[in-house]
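Trainee: Could you take me through the salt bridges in this model, with a close look at the residues that form them? I'd like to see how each pair sits in the fold.

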Amino acid sequence: MPLFVAGLNHRTAPVELREQLALEEDKLRELLRDLHGTGVLSEVLVLSTCNRVEVYGVAEVPGEARALAFRTLCRARGVDPARVEPHLYTHLEADAVAHAFRVASSLDSMVVGEPQILGQTKDAFALARACETVGPLLHALWSQAFAVAKRVRTETDIGRHAVSVSYAAVELARKIFAGLAGKAVLLVGAGKMGELAARHLVEHGAFPVYVANRTWARAQEMARALAGTAVRFEELATAMGAVDIVITSTGAPAPIVTLELVERVMHGRRGRPLFFIDIAVPRDVDPAVDGLAGVYRYDIDDIKQVVEANLRERQREAQRAEAIVEREVGKFLARLADLEVVPTIVSLRERLEAIRAAEVRRALARLPDASPETREALEALSTALVNKILHGPITKLRESSRAGAARSWLEMVHELFGLGRRP
């Protein structure tokens, strides 16, 4: 029964449409059960994230299953199917396997190498299993997809290089200080990227965190979110003297961190370096501070250069990852082909084993005085004969299955050896 995947993603559909089709967990449960209950799909899994909505299924008629899946989804979300259809893609069999492997490995993500998608695919798999809509084929597919994703992570550096502005800033700080454990951070302003950079710093051991903002209530709110301490904006110089890293992300029209201010701060630091991450546009930190000893300043353009270099590095690593995926797809399809003929191989072996055992018993009944050695020799001889007879048919079945021509050979073996009608 054909395996397929149908869906839309960040490449094929605008965010406005993706948002409308995204499903919460309770709605996903309903969709899975509705689709599986029709009998059109023998197995089904739905992956719904901010960047993709995909249906992975097993169905005799994939086109009918795809139409049913998105018709049902659109009805549940109040979206006209005619709006969705132009944005959909469909992959069958080997292409569907390759797509699943690439998705789990973050090769199909908006940001190649991002780690979130693997967790999202595992959640989708767990939900479909809980709803009992995963059968042997999807179970094998996703189990292997997770293994492939692990190989990609461990055998390439695809996830190593920072490709977000906030994370790249943290990487720069780590290089300056050779580690962030115990480094104090001051966040100036309440910009989103500044907050993200502060969170990343804390995740890497930076502590404590101070927050300064012109609006005191906002400083307190942000400090609570970061498990830090709010400081008054007029106390900026004092706070700056106590920290190692300053992140600025205000909306000020001119620099708020002037050369004079930093000179005063550095005078009392006794040579301790001070690192500025200036994510604001216009810039918050006067570029003239670059001339001061022990001061390191990176603005948004500096950080974007790091991001662009890291993106190029990730793309190089992605090529290595694609080669891993290609090899794993081939292995998976070979295993899948073997699974198709396994029931017949088992039946054939059981049939010949039953004949062998019966003939050995008959022979031994005519040899009541046979020694244990003779009995053992008969068992070994008959077992060897069965194995030699089986070798040819089993090899041919496996070869034909991998070549996509198993059906005629399966029918022939069933007919020749009286295995009964194939299910």
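Mentor: Happy to. Let's start with arginine 174: its relative accessibility is 34%, so this residue counts as partly exposed. Please keep in mind that we are looking at a predicted model. Arginine 174 has a salt-bridge partner in glutamate 171, and their closest N and O atoms are 3.1 Å apart. Glutamate 171 has a relative accessibility of 18%, and because buried means under 20%, glutamate 171 counts as buried. So this bridge pairs a partly exposed arginine 174 with a buried glutamate 171. Both residues belong to helix α8, which covers residues 165-177, and they sit three residues apart, or about one turn of the helix.

You will find a similar arrangement in helix α9 (residues 192-203), where glutamate 195 and lysine 192 are three residues apart and therefore separated by about one helical turn. Their side chains meet in a salt bridge, with 3.8 Å from N to O. A salt bridge here needs a nitrogen within 4 Å of a carboxyl oxygen, so the pair at 3.8 Å qualifies. Look at the two ends of this bridge: glutamate 195 is buried, with a relative accessible area of 9%, whereas lysine 192 is exposed, at 57%.

Now for a bridge that joins two helices. Arginine 102 forms a salt bridge with glutamate 322, and the closest N and O atoms of the pair are 2.7 Å apart. Arginine 102 lies in helix α5 (residues 93-104) and glutamate 322 in helix α13 (residues 300-365), so the bridge ties together parts that are 220 residues apart in sequence. Arginine 102 counts as partly exposed, with 21% relative accessibility, and glutamate 322 is also partly exposed, at 28%. Both residues also take part in a network of salt bridges, in which Arg11, Arg52, Glu54, Arg102, Asp108 and Glu322 are linked.

To put these pairs in context, the structure holds 24 salt bridges. The charged side chains they draw on are evenly matched in number: the chain has 55 positive and 55 negative ones, and the centres of the two sets lie 2 Å apart.

The chain around them is built from 15 helices and 10 strands. Its C-alpha trace spans about 110 × 60 × 35 Å along the principal axes. The radius of gyration is 32 Å, where a compact globule of 423 residues would have one near 22 Å. Even so, contacts across the sequence are plentiful: of the contacts with a separation of 6 or more, 72% are between residues 24 or more positions apart. Buried residues make up 45% of the 423 residues. As for the surface, the chain exposes about 21300 Å², and carbon and sulfur atoms supply 54% of that area.

One more acidic residue deserves a glance while you have the structure open. Glutamate 24 is in the loop between α1 (15-21) and α2 (25-37), and its relative accessible area of 43% makes it partly exposed. Glutamate 24 is 25 residues from threonine 49 in sequence, and their C-alpha atoms are 9.6 Å apart in space.

Key:
Residues numbered from 1 in each chain as written. Predicted model: local features only at pLDDT ≥ 70, side-chain atom pairs only at ≥ 80, totals over all residues. Heavy atoms only, no water. Helix = DSSP H or I, 4+ residues; strand = E, 2+ residues; numbered from the N terminus. Rg over C-alpha atoms; globule rule 2.2 N^0.38 Å. Buried < 20%, exposed > 50% of the residue type's maximum accessible area, 1.4 Å probe, protein only. Contact = heavy atoms within 4.5 Å. Areas by Shrake-Rupley, 256 points an atom, 1.4 Å probe, with all protein chains shown as cover. Lys, Arg positive; Asp, Glu negative; His and termini not counted. Charge placed at Lys NZ, Arg CZ, Asp CG, Glu CD.
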